[in-house]
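Please open the model in your viewer and keep the selection panel at hand. The tour goes from one selection to the next and says what is there.

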Amino acid sequence: AGQQSRAFAMFERALELSDNVVLTRAALEFAITTLCETGQAQAAQPMLDRLRREHGGEGPGRYLQASVHIQLEQWDEALACLDGITDYNDNFTSFREDSVWTHRAIAHRALGRPVQAADAAAEALLHNDQTVGAWQILFECSDSDEPVRRVAETIPSERLIPLFAPLT
């Protein structure tokens, strides 16, 4: 509802009140995401450290650390965090493997690597053809038809018009 400050305060309160592993992990992940969304990514490190310390699961910690690096425009650091994350599906935040690939595409595009950015965006779309940000990066960075063709060939024809319509 656009009330990130209020949401963040609730996540902090949940962390104070509960020692339930599910609640604390969800509160940490959403609090970190909220800090990134509100331009306060630099304040997320203590929560990232706690997430890794108390809840393991390298995928969520590394993915969210990459989110922080992206917000801080630390592109190489973001890519380093994303390296090795495979089959990432986080039940708490709904981030999926397409999110990891989209983050890779964002970082490669920012580093002036359009071929790698287009390839990462194509991978995101192969996992979820509804990833709008990946479509944008794919078309911005493709200097060959290969990534576009690879994605288009995997999408049922009845879905192509609804997918491409918002991009025009």
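Begin by selecting Arg113, which is partly exposed, with a relative accessible area of 29%, and keep in mind throughout that this is a predicted model. Add Asp76, which is also partly exposed, at 45% relative accessible area, and show both side chains, which meet in a salt bridge with an N to O distance of 3.7 Å. Arg113 belongs to the loop between α6 and α7 (114-127) whereas Asp76 belongs to helix α5 (residues 75-82), so the pair ties together parts that are 37 residues apart in sequence.

Next, select Arg25 and Glu29 in helix α2, where the two residues are 4 apart, about one turn of the helix. Their side chains form a salt bridge at 2.7 Å, N to O; Arg25 is buried, with a relative accessible area of 17%, and Glu29 is buried as well, with a value of 0%.

Move on to helix α1 (residues 4-17), in which Arg13 and Glu16 lie 3 residues apart, their side chains joined by a salt bridge of 3.2 Å, N to O. Here Arg13 is partly exposed at 44% relative accessibility, while Glu16 is exposed at 59%. The model's salt bridges number 5 by the rule applied.

Finally, select the lining of the largest pocket, which includes Thr33, Glu37, Tyr63, Phe95 and His103, and which encloses about 180 Å³ of space. Helices α2 (21-37), α4 (58-71) and α6 (97-110) each supply at least two residues of this lining, with α4 giving the most, 5 residues. By class, the lining divides into 6 nonpolar, 4 polar and 1 charged.

Terms used: Residues numbered from 1 in each chain as written. Predicted model: local features only at pLDDT ≥ 70, side-chain atom pairs only at ≥ 80, totals over all residues. Heavy atoms only, no water. 1 Å grid on protein atoms, 1.4 Å probe; cavity = no way out; pocket = protein on both sides within 12 Å on 5 of 7 lines; lining within 4 Å. Points joined across faces, edges and corners; volume = space filled by probe spheres on them. Nonpolar A, V, L, I, M, F, W, Y, C, P; charged D, E, K, R; others polar. Salt bridge = Lys/Arg side-chain N within 4 Å of Asp/Glu carboxyl O. Buried < 20%, exposed > 50% of the residue type's maximum accessible area, 1.4 Å probe, protein only.
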